[in-house]
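User: Hi! I have a structure open here and I'm new to this. Could you walk me through it?
Analyst: Happy to, let's bring it up and start with some loops.

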Amino acid sequence: MSNLRNPFHTVYATEGINELDFPAIFSPTLIPLVLPLFQSGNVMLSGTQGTGKSMLLSLLDTDIRLAFWKHEKHKFPVETTFCRYIGAGINLSQSLVLKFTERDFGGEDSVARSQAVFSDYFNTWVLRDLIKTLQRIISNAPQERLAECGITSNPAALDNAVKRLGQTEECGGMVDRASTVTEAVESLSRRQQTYLDFINFRIDTIPQHIWDTITGIGEPLSLAAKVLRSSDVLASNTECLITIDQCEELLRLDQSDKSGRGYGRFLSMLDKLISSREKAVSYRLGTRPNAIWKGKSEEVRDYARIDLDTLFRGKEHLRAKLFQGFALDVFRRRLAMNGQQVIDANDELMECFDKSPSASERAQECAGASRPQRILALEKAWPGAVKELLVDLAHRDVLSAKLGEAWVRQNITTETELTEFAPEIKDLPWEKPDRQWWRKERRPIAILQIAARSGQRIPYYGKKDVLSLSGRNILVFALICQKIWEVWIQSVDLTGDTEATVPRPFSKWQQYEGIRVASNIWHSKISSAPSGDTLGRFVDELGTRLRNQLRGDKRMSYPGANGISLSNVEVESDAEIKGLLDDATAEGFLQLFRHTPKTPTRGKSQKWYLHPVLAPYYELTVVHTKEPLYLKIADLRKWLLKANVVERNQSHQQLLFDVGDDE
Amino acid sequence: MNSPYRPSGPLNWLLGKFAAMPRWSIVGTTSAEKRSLAALKQLCNCHRLANAEFLRVEPSASRRPNRFRESTIRKLDARQKNASRIAGKSIQHHPVDLLCREEVLIRTCKNCLTSCGTNLIIDISSMPKRFFFPLISLALRSGMHENIIAVYASPAKYGATLAEDPLPWNAFPMFGATPLTGKGLKLIIGVGYQPLRLSEIVNGIRFNPENVELLLPFPSVHPGFVKNWEFVRQIRLEIKQLRDSAIKRVPTMNTSIAFDRIVAITNNGKNPAVLAPYGPKPVSLAMCLYGISCQDGSVPVEVGYTQPQVYSDSYSLGSAIDCDGNAVINANCIRLNGNNLYEI
């Protein structure tokens, strides 16, 4: 296999990669943390885009399981004890089920009728999928695997179960008294087509025969699961796991709906589904971070929540270790699939990317060799001795000189003071051991200001940089790797006789360039997000404001101003800005953390940072150090008004007038 | 493949061929674009207007922010006055929200068509695809219109910003299909100026890269071709394995050839397909007609879009003018003497 093939050619593991290749690239690192996915009980799986949600849910897909079973090298990554399930599902977008919000059902009971139709269409779709999936697995899976999963290998048993289902009052109408699997699938397809004709305005009303046999949400599925078990198609402890894909889209539509389409009525049906006491079937719902599930269902009692962001956001060292292990495993699998030798004991990330530069090295690279003193912004009024000392220091250690400039600004407020302190400055007080935290907190901002004054970009390279810029997002990690590989491939001299070999490590500039391109691409992805143009202006405005703040903070008083903090109460008071923050977080352009503010009067707060991969694009610092920028929602709104991100609306104008109005 | 002759050409020329049909109804759009009234004006100038039903597509009230809202509404008001000056009492205005529910959209389109006679012109120049796809479908299905011509007026030039904040991929009203899976499933993309979240569908697992085809408008004029190739580049970023042969050149203004191309790509409608009309309107019209034709033949085809929530008030500027000083209006006859000319 040519070494010029990019192992990260396709960054998404679930999209664009052939299902036959999936077993080779799938990383099982997270499986022990998400075991409820493969067990009885409903699960809500949430995570930012790129955290691996789809990849995990795809293990419930029968085609993926079949691909694993056929694979010679990679076995199915879930322990046999947790393999006793059959998966089926519905994609809320692709199934067009949400299109029922577009139709008018007339009369006072319009909402109830639309919910009934939504439920029956949902049931029809999932039941059809379940029967087809069983048919496929029975005819394609090896017998011993079927036995492991507790699924019959006898197709006649499935026919028998379907026949029994057709004789029940609940499902008889749906499957049209079918006596074989083929007949049942045809009946369900016809029912589906009738609904589709209604959705597409080819018929004006739902036919009476459907109203006569309409089913409540989940009811036929529970019954089907029981019949499948009692007919020995499924063992008594084999679970029916139903994935409801694109649930996050329904939640997003509901939260942003101002058009009166009433998506909430369908969410309440899904809530009914998971709060049902009937446990013959378990549901898997993908949701977005911060999504508030309104309804009767309760976490723990009705469903378990797995938040992939929280998994990675545990205690600092554990979090770093988990993501590092995940990234390394993904990296190794991609290399191996590309035909490269991978030795388990090796740290391929270190071999390929090497060490990242220290702060001093990075500062030196930003400053360049000629005229290092240009990194300083010395005031005319400062005594010559102080200026000379800092300039002299810049020739030896630019980082220390820049920190010294900030120290002078912070500690000396008047000219007289400065003259008095001039001798003391010769001892470089900011370099003393008791100042180590002061230095540590200010190194990133100092490097940023050095780069800005030198007209350079901060160079990022090395394993530590690649991982920290990935921001615990495996998609970003894959994107960075893809771009570094691409830069290398573009630089290969193809005219020589010798075959190109993948460098270990990649050169600094290949990594630096790859990271820069990846940053630009992640930024360009903002326009592909929901309301992407507005979101783009929002993220740009934040990025630009924070960059200007960091660059202009000559005293380095706010080294943590690469993020913002807002109090929860204020965020809740402005739905428009909350929506923007939520969208940007869900799509992986911002990262959200809880924040305990210094001033308790602010109340509970949250802080947002731009995703680290955007740091090269916006020229921001990566590390979250010290306090973020404390903002009031009104100030943020002012920024956004200027940038055309929000509109001045009546309610907010009203608010302005209400303030201080005694009457 | 034997296609019928499908008359097309400049509107004035085509109307000349319909000398026996003196009066025509027209359904068009009152828009911020100047070209939206070009066909109405030409029809009035040759005294062949029976009645005009014009959709006034308002910026969506449910969409905030919209930095073009106020300027668009001002332009809509001015254009509506102008339309009334041109057509007098023969024109009816039908206000409708850009992102209205499909039920409302279909009702409005039906209202427009109910007032129209046997001979119908549908002006798609400034009509959002969300409206003209179902409108044409309803017109072809109604049986009230013996002759139907779709017209498209070219602008003098396009604005710098066209549209913003596209919604997720969704089938047009009346053009949804499911389940669409299988190895033969084709994705046919009309190459336009803005890919508008198209990556969402391109990235979907439903498509094999070998089954993706691009309809590239050719020849395209400067600077349009630059945008077209940038669009192709964006698709290539998503589908790295896209074959060079996937790029099929189609004449920018020839709906008939574009239609035949689609028929050929889908093996005469045997392959199910998803059509993404991001290209020029005449090519989108071909996709629309192909979709309708497939529905009539029960072939699963979905035609959809990532509908922008905001359109620029300067989407296009002016009207293109031919050497005789007339607006350039391309007309395609899609039904003649009760016979649909675009069928598989």
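**Loops, sheets and the contact**

Analyst: This is a predicted model. A place to begin is B:P219, found in the loop that runs between β11 (212–217) and α7 (224–238) of chain B.

User: Is the peptide bond from B:F218 to B:P219 cis or trans?
Analyst: That bond is cis, and its omega is near -5°.

User: Which residues does a cis peptide bond join in chain A?
Analyst: One joins A:R504 and A:P505, with omega about 5°. You'll find A:P505 in the loop between α22 and α23 (508–524) of chain A.

User: While we're on loops, what about A:M556, is its phi positive or negative?
Analyst: Phi of A:M556 is positive, near 55°, and this residue is not a glycine. A:M556 sits in the loop between α24 and β6 of chain A.

User: Okay, sheets now. In what order do the five strands of the open sheet in chain A come?
Analyst: The order is β2-β3-β4-β1-β5, and the pairing is parallel. At the edges stand β2 (85–91) and β5 (303–307) of chain A; each has a single partner strand, so one side of each is left without a neighbour in the sheet.

User: And how are neighbouring strands turned against each other there?
Analyst: By 20° on average, ignoring direction.

User: Can you show me a pair in that sheet?
Analyst: Sure! Take β3 (residues 239–245) and β4 (residues 281–287) of chain A, which pair in the parallel sense over five bridges. If you click on A:L241, you'll see that A:S282 in β4(A) stands opposite.

User: Which strands does helix α12 of chain A lie across?
Analyst: Helix α12 (residues 264–275) lies across β1 (42–46), β3, β4 and β5 of chain A, and runs at about 135° to β4(A).

User: There's an open sheet with four strands in chain A too. Is its pairing parallel, antiparallel or mixed?
Analyst: Mixed, with the strands in the order β7-β8-β6-β9. Here β7 (590–595) and β9 (629–630) of chain A are the edge strands, each pairing on one side only.

User: How many bridges join β6 to β9 in chain A?
Analyst: Two bridges join β6 (residues 563–567) to β9(A), and these strands run parallel. A:I564 has A:L629 in β9(A) as its bridge partner.

User: Which helices pack on that sheet?
Analyst: Among them is α24(A), which touches β6, β7, β8 (605–610) and β9 of chain A, with its direction at about 90° to that of β8(A). Helix α26 (residues 575–586) of chain A packs on the sheet too, touching β6, β7 and β8 of chain A; its direction makes about 115° with that of β7(A).

User: New topic: how many residues does each chain bring to the contact between A and B?
Analyst: Chain A gives 44 residues and chain B gives 41 residues.

User: How do people usually put a size on that?
Analyst: The size of an interface is often given as the accessible area lost when the parts come together. For chain A and chain B, about 3400 Å² is buried between them, 44% of it on carbon and sulfur atoms. In chain A, the residues that lose the most area to chain B are A:K99, A:F201 and A:E647, together 17% of what that side buries.

User: How many salt bridges are there between chain A and chain B?
Analyst: Four. The side chains of A:R103 and B:E103 meet in a salt bridge, at 3.2 Å from N to O. There are also 21 residue pairs in polar contact between chain A and chain B, counting those with both residues at pLDDT 80 or more.

User: Which helix gives the largest share of chain A's side?
Analyst: That's α24(A), with four residues of the side that touches chain B. By class, that side of chain A has eleven nonpolar, 16 polar and 17 charged residues.

User: Last one: how many salt bridges are there over all chains?
Analyst: The structure holds 49 over all chains. In chain A, A:E148 forms a salt bridge with A:R145, their closest N and O atoms being 3.2 Å apart. These residues, A:E148 and A:R145, are three residues apart in helix α5 (residues 143–149) of chain A, which means they are separated by about one helical turn.

Key:
Residues are numbered from 1 along each chain as its sequence is written. Chains are lettered from A and ligands numbered from 1 in the order in which they are written. This is a predicted model: local features need pLDDT of at least 70, side-chain atom pairs count only at pLDDT 80 or more; totals for chains, interfaces and linings use all residues. Side-chain values use heavy atoms; hydrogens and water are left out. Two strands pair if DSSP finds at least two bridges between them. Axes are lines fitted to C-alpha atoms, for helices over the stretch in contact, and angles run from 0 to 180 degrees between N-to-C directions. Contact means heavy atoms within 4.5 Å. Buried area is the accessible area (1.4 Å probe) that two parts lose on being put together, summed over both. A polar contact is a pair of N or O atoms within 3.5 Å; within protein, one must be able to donate a hydrogen and the other to accept it, and residues adjacent in sequence count only if both atoms are side-chain atoms. Ala, Val, Leu, Ile, Met, Phe, Trp, Tyr, Cys and Pro count as nonpolar, Asp, Glu, Lys and Arg as charged, and the others, Gly among them, as polar.
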